Amino acid sequence: MENFWSIPATELLSNLGTTNAGLTTEDAKKHLAIYGVNRLKPQKRSDALTLLFAQFKSPIILILLFATGLSLFLHNIIDASIILAIVLISGLLGFWQEHSASNAVKKLLAIVQITASVFRDGNQKEIHVEDIVPGDIVILNAGDIVPGDCMILESKDLFVDEAMLTGETYPVEKDVSVLTADTPLAKRTNALWMGTHIVSGSSKVLVILTGKNTEFGKVSERLKLKAPETEFEHGIRKFGYFLGEVTLFLVVIIFAINVYLQRPVLESFLFSLALAVGLTPQLLPAIISINLAHGAKKMAEKKVIVKRLASIENFGSMNVICSDKTGTLTEGTVQVKSAIDVNGETSEKVFLFAYLNAFYETGFTNPIDAAILNYRKIDLSEYRKQDEIPYDFLRKRLSICVIRKNTHLMLTKGALTNILEVCSSVEIKEGNIVDIASMKDTIQKHFEEFSTMGFRTLGIAYRNLPTESLINKNDEKDMTFLGFLTLFDPPKANITDTITRLKSLGVSLKIITGDNHLVAASISKKMGLDSKIISGPELRQMSDSALLASVGSVDVFAEIEPNQKERIIIALRKAGNVVGYMGDGINDASALHSADVGISVDTAADVAKDAADIVLLEKDLGVLVEGVREGRTTFANTLKYVFMATSANFGNMFSMAGVSLFIPFLPLLPKQILLTNLLTDFPEMTIATDNVDEQMIDYPRRWDIKAIRKFMITFGLVSSVFDYLTFGLLLLVLHANEGQFRTGWFLESVISASMIVLVIRSRKPFFRSRPGKYLLIATLSIAVITLVFPFTPLGNVFGFSPLTLSTYLLLLMIVVVYILAAEITKRIFYKKVKF
């Protein structure tokens, strides 16, 4: 609907077939069919089919299928059918694993979907944002994400953060109005835009546009927004390019030399392509998906939901976690300690005014108001609410106007400094009011005393209003300071142990809090953290270079403004850290985006939950510790596959390519190479369930392509040495013919590649590290299948022939010596290469 900001609300309601009471369920279904699901990108209808075809989109696989078709055309039906069957089986295995992983992740993401408060059938209910349609009436409060382009029907002190759409730094005030059609986007103060979020106030809005038809949808369509690549994704991509270059070079050379040696062109071509399939870690995408999905499921069991799978690696690499203390380090159940007047005496009036303020507050639920209301119940039958100025993060106070008999009072509570700045007088005792200047030292003394004891201190003020009228922010002046409300949130019983566990994992904790430095110092001391503190005012005076130099040695940042959180995180990242940020508030979104890993909780504000990579179902650092361990386990298991793909497999294929130049026949037929590749894939598919040694979890590890390249060269050479020993045994000692040579080489290649998995999966000696049950079963099963395969009818179809017992024993001896050599090499490698 064009220029909806210039159309009266009644006309918009009529055009969309709705009313102030919202849509009916039946109308909503019709609108959903007309306008579609509220997504920026339409969900692919054939996800499974797309994933299946993706298994065969590799250029090497496509060329191999083309060559197989050519072989069929030339009537080489059996070999071509075998090659085709193996390629299809490999693809279907990859599809099955990835599809299962994808379904598992979808189920996990459903747990933390964002909802909105909508009127349906005349009742207010929570529904998933994706189900919102044009014509819906939505209630928005502080922290909510705007679910579509909307027209404001009602509003109260509404401020919206539109920075992501307009670039406007400060929140924009919104209100009910009708504007001209040519009003620019940033000036459309009667409309809300999808993806922006409510900073303060509340509103009732009519949804006009959803999904890709919104302003944000048009922008994202133009920019094709994509999440930034993680360090792990970048490393995997570079690794893939590296192997691709090696494979292409090798394949072209081998094919050219085989043609030069006047071997059959099609067979040489198929041999080269089959080698390429063996050299290429075609399972890498599937293995990564399986590992990450398996890791996400394991993390979900620990009450950690992963929204973006690629963030698991960063989660494991994280060495600094930044968090507010409330609910994470403390119990999260704020309790009232006392209500005190300026003389330091307990005051019923201070508590009454605080209670009235908390009782009538409607902006958003918060633990402080809950603590006040739970502390003691008060009969408010004599009071009536007149108006409200909601809390926001600039004023840091909340005002309520109440009426009692003929008295009109504005009651304000908030951060002490922000309360004092709107006060001109102080009530010493009932009816005795003096100028605030004479009492400032006394107020400050009390404040410091409470803060040193670890109590959070709020100020309570009031103002008599002359008549029954609505209030606005300009009325917060010339107020009378009444007293203090002190609150406490004790540290969690096991927090010291949790922090110690984090340190043992190589993760240091930084507290970033809005509390004053005295409260922060008191709490951090109880938790055993370094007492060195940087406050918000000090941070404002520091240059970026000065902050960079000191940020690593500071454990506590106090009196921090929302925009300073992002600066701290950026400085930590520039200092070479992988930084996690844990936040759940409206003002945490930019910090969550800035961190390597944004972590929120299921009860967080929508804007924080949406910005997070990982959502905790419990606001507890203990849950985070378990999540870090699972993240590192996932990373370690992914690296195992990379090591496998770059050691025995790569060495075997490289050796085969080399020996093919010196013997008068192909060392393995194309169908035999593909079978070898398929059989060695099976153990690797179970790697996600493998056990991981503690030493792979005990400190953060990062992707290191140089170390992987060294591993590939070292273990590839060791593999090749024993490959050539096998060639020498078969050709020079046993004088094997073509069939026997291929059978012997097939046996040694598959069994050595399978068994070496048990060696390189751990840095410990293989007999001291217990592999996962499924990995062990798969490895031993493949070894047995390989040994008996030449004796089966299927072995004959593949061109294998039975070997003598003495040949089996000699080949077994080579495999055993190879495993021992790899074990010794592994020990030397990890002494020299720190990874």
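**Strand pairing, salt bridges and surface patches in a predicted model**

Colleague: In β16, which residue is the bridge partner of A415?

Modeller: The model is predicted. Strand β13 covers residues 407-415, and eight bridges join it to strand β16, residues 456-465, in an antiparallel arrangement. Within β16, the bridge partner of A415 is L458.

Colleague: In β13, what is the bridge partner of S399?

Modeller: Strand β12 spans residues 397-404 and runs antiparallel to β13, with eight bridges joining the two. For S399, the bridge partner in β13 is T412.

Colleague: Which residue in the turn of the hairpin formed by β12 and β13 has a positive phi?

Modeller: β12 and β13 form a hairpin, and two residues lie between the strands. A positive phi of about 55 degrees is found in that turn, at K405.

Colleague: How many of the nine residues of β13 are buried?

Modeller: β13 has antiparallel partners in β12 and in β16. The strand is mostly covered, and of its nine residues the number buried is seven.

Colleague: R395 and E476 meet in a salt bridge; how many residues apart are they?

Modeller: Their side chains meet at 2.8 Å, N to O. The pair links distant parts of the chain, with R395 in the loop between β11 (383-389) and β12, and E476 in the loop between β16 and β17 (479-488). In sequence, the two are apart by 81 residues.

Colleague: Is E476 buried or exposed?

Modeller: The cut-off for buried is under 20% relative accessible area. E476 has a relative accessible area of 5%, so E476 is buried.

Colleague: What is the N to O distance in the salt bridge of R397 and E421?

Modeller: The side chains of R397 and E421 meet in a salt bridge. This pair links distant parts of the chain, as R397 is in strand β12 and E421 is in the loop between α14 (416-420) and β14 (423-429), 24 residues apart. The N to O distance is 3.2 Å.

Colleague: Of R397 and E421, is E421 buried or exposed?

Modeller: R397 counts as buried at 7% relative accessibility. E421 is at 55% relative accessibility, and the cut-off for exposed is over 50%. E421 therefore counts as exposed.

Colleague: D698 and R701 form a salt bridge; what is the relative accessible area of R701?

Modeller: The side chains of D698 and R701 meet at 3.9 Å, N to O. D698 is partly exposed, with a relative accessible area of 31%. R701 is buried, and its relative accessible area is 8%.

Colleague: Which strand is joined to β4 by ten bridges?

Modeller: Strand β4 covers residues 149-161 and runs antiparallel to its partner, residues 197-209. One bridge pair between the strands is E154 with K204. The strand joined to β4 by ten bridges is β7.

Colleague: Which residue in β5 stands opposite V160?

Modeller: β4 also pairs in the antiparallel sense with β6 (residues 191-192) over two bridges, where M151 has A191 as bridge partner. Three bridges join β4 to strand β5 (residues 172-174), again antiparallel. Opposite V160 in β5 stands V172.

Colleague: Which helix gives the largest share of the positive patch?

Modeller: The positive surface patch is formed by K238, K706, R709 and K710. One of these, R709, is partly exposed, with a relative accessible area of 33%. The largest share of the patch, three residues, comes from helix α26.

Colleague: How far apart in space are D723 and V659, C-alpha to C-alpha?

Modeller: D723 lies in helix α26 and is buried, with a relative accessible area of 1%. D723 and V659 are 64 residues apart in sequence. Their C-alpha to C-alpha distance in space is 9.6 Å.

Colleague: What is the approximate area of the nonpolar surface patch that includes L812?

Modeller: L812 lies in helix α30, residues 805-832, and counts as partly exposed at 48% relative accessibility. The nonpolar patch is made by L805, L809, L812, V816 and L820. Its area is about 490 Å².

Colleague: What is the phi of H735?

Modeller: H735 lies in the loop between α26 and α27 (738-760), and is exposed with a relative accessible area of 60%. Its phi is positive although the residue is other than glycine, and is near 50 degrees.

Technical notes:
Residues numbered from 1 in each chain as written. Predicted model: local features only at pLDDT ≥ 70, side-chain atom pairs only at ≥ 80, totals over all residues. Heavy atoms only, no water. Patch = residues over 30% accessible without salt bridge, like charges linked within 9 Å, V, L, I, M, F, W, Y side chains within 5 Å. Areas by Shrake-Rupley, 256 points an atom, 1.4 Å probe, with all protein chains shown as cover. Salt bridge = Lys/Arg side-chain N within 4 Å of Asp/Glu carboxyl O. Helix = DSSP H or I, 4+ residues; strand = E, 2+ residues; numbered from the N terminus. Buried < 20%, exposed > 50% of the residue type's maximum accessible area, 1.4 Å probe, protein only. Pairing = 2+ DSSP bridges. Lys, Arg positive; Asp, Glu negative; His and termini not counted. Charge placed at Lys NZ, Arg CZ, Asp CG, Glu CD.
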